[in-house]
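I opened my notebook to record what I looked up in this structure. Two topics are on my list: the ligand and the sheet.

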Amino acid sequence: MPSHTESRGSLAIVGLGPGRTEYITPRALKAVAGADYVIGNALYLEPLEQIIKGKQVIRSSMGKEVERAQQAIDLAHEHRVAIVSGGDAGVYGMASIVLEVLEHSGDEIEVEIIPGVTAANAAASRVGSPLSGDFAVISLSDLLTPLDVIEARLDAVFSVGIPVVLYNPKSRGRPHNFALAIEHARKHLEPTTPVAIVKNALRDEEEQIITTLGEIEKSEQAVDMHTTVIIGGRESRIWRMKDNVKGIITPRGYHHKYVY
Ligand code: SAH
């Protein structure tokens with residue numbers, strides 16, 4: 001591969017948010033609208049059908065991320081390229097692999113990383129304020145991280161009692177990782193700890209379940225790869241309006257300082 005020093009193109013690494021187009025930032029939309037080539041997973045490109053009409057669209061599938069990153073970089077020497085991820089591209093998305101491949105190539109191209117609303121933020125917004133202060137995010141996918149490392153991280157974050165957001169909670173290839181995560185949570189947290197299961201947050205067919213760590217098995221069948229699970233921390237509690245369960249509140253601690 002020749003090394004290009006001068007480049008006429010550009011590469012935008014774009015986070016498209018959780019799904020519905022109204023949750024895409026104007027900057028992300030502008031980058032996609034201004035691109036000659038749009039590269040991404042078919043699922044994420046679907047809501048953008050109108051905007052990407054007439055462009056060169058490269059639909060990619062899971063497991064081809066390295067090839068996709070290389071292709072984006074090759075094209076970005078001469079063309080305006082947008083490579084898209086759901087949520088934020090820097091959170092279990094394409095940003096790191098694109099930057100690593102670019103770094104390895106020694107090429108110089110114009111790169112912009114455009115942030116998006118993550119699944120953690122989207123899911124949390126549908127169930128109150130469960131992540132009000134410190135929290136942790138752990139993916140249960142062991143495709144790129146060994147399971148023993150994931151388990152060590154789960155144990156560590158649950159032990160300090162902060163809310164934990166579980167990404168990639170379950171799939172056909174690894175149906176047991178979710179049960180393992182629950183086991184680790186139960187070592188450190190009370191059975192009354194609130195848990196939110198949010199499926200398709202800010203997308204069609206959205207679903208939310210509020211339960212507790214002690215009763216989560218009753219709702220486990222709802223957990224799949226379109227789901228983000230939030231396990232509350234030591235301070236988290238169920239949020240009610242009248243007698244209805246609305247979600248989870250994790251107090252930030254104002255009650256220690258103020259009377260309200
Ligand atoms: N880059 C993305 C995460 C990709 S990993 C981000 O920043 O959000 C894929 C996982 O994200 C899914 O298995 C699921 O756990 C979560 N996820 C993505 N979109 C979601 C949505 N709309 N609702 C609930 N969970 C979602």
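My entries below start with the ligand and then turn to the strands.

**Entry: status of the model.** I noted at the start that this is a predicted model.

**Entry: around the ligand.** I looked up which residues surround the ligand and found 19. Those that come nearest are Val91, Ala119, Met225, Thr227 and Thr228. I then sorted the shell by type: nine residues are nonpolar, eight are polar and two are charged. Domain 1 (10-117) and domain 2 (120-255) each supply at least three residues of the shell.

**Entry: polar contacts.** I went through ligand nitrogen atoms and what lies beside them. A polar backbone atom of Ala201 is 2.8 Å from a nitrogen atom of the ligand. For Arg203 I found a polar side-chain atom 3.1 Å from a ligand nitrogen. With His226 it is again a polar backbone atom, at 3.5 Å from a nitrogen of the ligand. Next I checked how much of the ligand is covered: on its own it has 550 Å² of accessible area, and the protein covers 92% of that.

**Entry: the sheet.** In what order do the five strands of the open sheet run? I wrote down E3-E2-E4-E1-E5, with parallel pairing. Strand E3 (56-60) and strand E5 (110-114) are the edge strands, since each pairs on one side only. From one strand to the next, the twist averages 15°.

**Entry: one pair of strands.** I picked strand E1 (residues 10-15) and strand E4 (residues 80-85), which pair in the parallel sense over six bridges. Opposite Gly15 I found Ser85 in E4.

How values were computed
Residues numbered from 1 in each chain as written. Predicted model: local features only at pLDDT ≥ 70, side-chain atom pairs only at ≥ 80, totals over all residues. Heavy atoms only, no water. Near = heavy atom within 4 Å. Polar contact = N/O pair within 3.5 Å; in protein donor to acceptor, adjacent residues only side chain to side chain. Areas by Shrake-Rupley, 256 points an atom, 1.4 Å probe, with all protein chains shown as cover. Nonpolar A, V, L, I, M, F, W, Y, C, P; charged D, E, K, R; others polar. Domains from an automatic or database assignment. Pairing = 2+ DSSP bridges. Helix = DSSP H or I, 4+ residues; strand = E, 2+ residues; numbered from the N terminus. Axes fitted to C-alpha atoms, helices over the stretch in contact; angles between N-to-C directions.
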